[in-house]
Amino acid sequence: MSESSTTNLLEMLNITKRFPGVLALDNVSLKVKPGSVHALMGENGAGKSTLMKCLFGIYSMDEGKILFDGKEVSFANSKQALENGVSMVHQELNQVRQQNVMDNIWLGRYPKKGIFIDEKKMYQDTAAIFKSLDISIDPRSKVSTLSVSEMQMVEIAKAVSYHSKIIVMDEPTSSLTETEVNHLFRIIKRLQSENVAIIYISHKMEEILKISDEVTIMRDGQYIATKSSKSLTTDEIIKLMVGRDLSQRFPEKINKPGELILKVSDLTAETQPSFSNVSFELRKGEILGIAGLVGSKRTEVVEALFGMRSLTSGTIELNGKVVKNHSPQQAIKNGFALVTEERRSTGIFPELSISFNSIISNMKQYKTKSGFLSDRKVADDTQWVIDSMKVKTPSQKTSIGSLSGGNQQKVIIGRWLLTKPDILLLDEPTRGIDVGAKFEIYQLINQLAAEGKGIIMISSEMPELLGVTDRILVMSNGKAAGIVETASTSQEEIMQLAALY
Amino acid sequence: MNTQASKKSSFSKWLVDNVIYVVLILLVVGIVSASPDFLSMTNLINILSQSSSRIIIALGVAGILITAGTDLSAGRMVGLAAVISASMLQAGDYAYRMYPNLPELPLIVPIVIAMAATGLIAALNGVIVAKFHVPPFIATLGMMIGVYGLTSIYFDRPPYGAQPIGGLSKAFTTFAQRGIKIGQYEFPYLIFYAIVVSLIIWVIWNKTQLGKNMYAIGGNPEAAKVSGVNVARNLIIIYTIAGLLYGLTGTLEAGRVGSATNNTGNMYELDAIAACVVGGVSLSGGIGTVPGVITGVLIFQVINYGLAFLGVSPYIQFIVKGAIIIVAVAFDMRKHAKKK
């Protein structure tokens, strides 16, 4: 490739980033023209956000260089990037919700008159930016009263107020309605006409083909291709995104689905935007996968099954009887167990022992007549967890935080098996676990299904879903886009369903 | 957009937003209906003057609470300032002077010394919290204990040992105890000091960069940092301002009571924190207003004074005050609680 062409606003060249044991970015390049919308695409975990974090100095890259406006740059933090005209509208909006809109926009650089803040100038400047972007929000309204799309527009206005030449938008439409998306697109067009470039990270094919000029596709930390949007179709993008081979990474399936155990009908969450009208069935000994993009509300659905979210409608039937899971306690009593996605924040008690971590959800079983806990019963069950889950640990008293991610996860799964659940809900059970340990987790899941448990497993890793499950429910934007038989589906079909709504 | 639809009827929203003012009015109405005599200028002046120094310390604590911090050392700093200022403002002809040879100083000198002492200690609190990342509860707990020791060493020493520091100069007692006569009523100077401090603090919170930064740091420290706010520096300044206010409170307390000991100001910080939370300051940071804090202080003072006026047992007053704190915050949590 030619070293540098003057037509590009931003060039990230041959970027490589290693984490311990993982090559997160392998010689990736990205070139963005001024005034263009450049889509950055790839599956979850393809390296898009790692690349952006290198741009903003949140990660330091191991190799490669970044040219911005023809000059080599290396931002120390997002503040520095911001001041040099590179800004980002985050998926999780970083705002002070208790303050008003203009306070947020000018935070850290308030216009002043003497020692006082010049509220009038602040208001006028904000109003002027809003007007130029066709945003109708009162600069004095509190951020916490705004809708998500309004907050996002405030972030975009903030980027504009820094005279950004390039704005990165990470999944900007994931929680917007169609009218709001159209408004966002009008704003993008307007920015483009002022020669601002946009890096647009999204999974939604239709949107990307509609709004972007060029598309760069990444896969497994590698650069795959950059193409003009006009020359691309949805199918081609998907092919480029998923085109890898499935090696033998999964144990042979030994489970046989039996009779119906769980019937979920018409589940709709109370606080929207979230999932609506989700229905599916699960059989004994079956592994049902849930696929979907970030923001498709997969986690919300299993949390609702586990009594953590309120519903406006829908029924959950277990073994033919309607059950009400209004709280996790009720759900546990009814035979549900949930291994959460965020093992560190909602799964383990890191400073405490394996023993404590094993029995915490099943405390009642260990009470003796006198009301104290029986050390012997606790030790027996802890040993059962260690043995049957094949946890590699020096002792029961070892703190769980000192184990590897895979072994931690095994303890958590063991914890829930002690409650003798009928339904095991697994949210990203292999996240942050190395390949060898993943295989053991898959074996465990298989074996549990073979013993007759109903298993629901959310995963963002397509090969994992295809390798482990029997059927896959595909979520798209809060709706069930379809249920496919694992044996007869393909990554392409799932991707298309995931982008349906 | 869709925010409009989710808003409750405007009255119930107004009620939730202004619940503390409603509570204050209801309290007054309740006490007045039990005893109509309560509604007099004298009682009003008494309540206001008793509230004055509490408002000043509460405004200091409130600023720290808004940064999602806390300050347990406030009361002990009040004590330190009281002892320092009283020791330097004893009347020249008083027999038991701590500094027998000290000339009668102009008022401003001891006040500035006392405020400088507490300002420095509070700045140290700020440094410990901002630079060494010690949780504010722990940092100020340690400081609370340490400052008491410091105050006691200063207080309990020859020639007179642990005697209350009394015999204050006329200028000092006039400054803290007298007032401006308007018609038949005398309005204590204390009320005017509290008004001036409240105005200054209001301006800082609402009209300066420091104030905005204070709310931003408490509301979302990450957002403040990425927007280029120097979080550590702002925190240290906010703690220091609080310290200056404790110093002023201590001086006023010594003058008002007419003496000071090493126990002056004991537990004032808890009263101040209680008044702040009842006044709508959020312990998780980012929320709080000057009128709210003042109302919080007034609510407690009306309970104190009003129930005593009605002849209610002081023990029952404690129960009422405790209940008010819990109920007020429970209400506040409802306001901020979000359903998953």
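**Exercise 1. Place A:Asp266 in chain A and decide whether it is buried or exposed.**

Solution. Start with the secondary structure: in this predicted model, A:Asp266 belongs to strand 13 of chain A, which covers residues 260–269. Next, look at the backbone. The phi angle of A:Asp266 is near 60 degrees, a positive value in a residue that is not glycine. Finally, count neighbours. A:Asp266 has 12 C-beta neighbours inside 10 Å, so it counts as exposed, since the cut-off for exposed is 12 or fewer.

**Exercise 2. Do the same for A:Lys297: where does it sit, and is it buried or exposed?**

Solution. A:Lys297 lies in the loop that links strand 15 (287–291) to helix 9 (298–305) of chain A. Its phi is positive, about 75 degrees, although A:Lys297 is not a glycine. The neighbour count settles the rest: with 22 C-beta neighbours inside 10 Å, A:Lys297 counts as buried, the cut-off being 20 or more.

**Exercise 3. Describe the overall build of chain A, and say which stretch has a pLDDT below 50.**

Solution. First, list the elements: chain A has 17 helices and 22 strands. Then check its compactness. The radius of gyration of chain A is 25 Å, close to the 23 Å from the globule rule for 501 residues, so chain A is as compact as a globular protein of that length. Its C-alpha trace spans about 75 × 55 × 45 Å along the principal axes, and 45% of the 501 residues count as buried.

Now turn to confidence. Chain A has a mean pLDDT of 86, with 95% of its residues at 70 or more. The stretch to find is residues 1–5, where the pLDDT is below 50 and the model shows two contacts beyond near neighbours in sequence. Where pLDDT is low, the predicted coordinates should not be read in detail.

**Exercise 4. Describe chain B, then work out how its two strands are arranged.**

Solution. Chain B contains 15 helices and two strands. Its radius of gyration is 21 Å, close to the 20 Å that the globule rule gives for 340 residues, so chain B is as compact as a globular protein of that length. Of those 340 residues, 44% count as buried. Among contacts in chain B between residues at least 6 apart in sequence, 78% join residues at least 24 apart.

For the strands, follow the bridges. Strand 1 (residues 179–182) and strand 2 (residues 185–188) of chain B run antiparallel and are joined by four bridges. One pair to look up is B:Ile180 with its bridge partner B:Phe187 in strand 2. The two strands form a hairpin with two residues between them, and B:Gly183 in the turn has a positive phi of about 60 degrees.

**Exercise 5. Which residues touch the most other members of the largest nonpolar core?**

Solution. The core has 228 residues, and the answer is A:Leu425, B:Ala58, B:Val61 and B:Cys276. Helix 12 (residues 231–257) of chain B gives this core its largest share, twelve residues. Now zoom in on B:Cys276: leaving out residues up to four places away in sequence, its contacts include B:Ala58, B:Val61, B:Leu65 and B:Val293.

**Exercise 6. How many residues does each chain bring to the contact, and what makes up the chain B side?**

Solution. Chain A brings 26 residues and chain B 22 residues. On the chain B side, helix 10 (209–219) and helix 11 (221–226) each supply at least two residues. Helix 10 gives the largest share, five residues. Sorted by class, the chain B side has eight nonpolar, nine polar and five charged residues.

Note on methods: Residues numbered from 1 in each chain as written. Chains lettered and ligands numbered in written order. Predicted model: local features only at pLDDT ≥ 70, side-chain atom pairs only at ≥ 80, totals over all residues. Contact = placed C-beta atoms within 7 Å. Nonpolar A, V, L, I, M, F, W, Y, C, P; charged D, E, K, R; others polar. Pairing = 2+ DSSP bridges. Rg over C-alpha atoms; globule rule 2.2 N^0.38 Å. pLDDT = per-residue confidence, 0-100. Core = buried A, V, L, I, M, F, W, Y, C linked by C-beta atoms within 7 Å.
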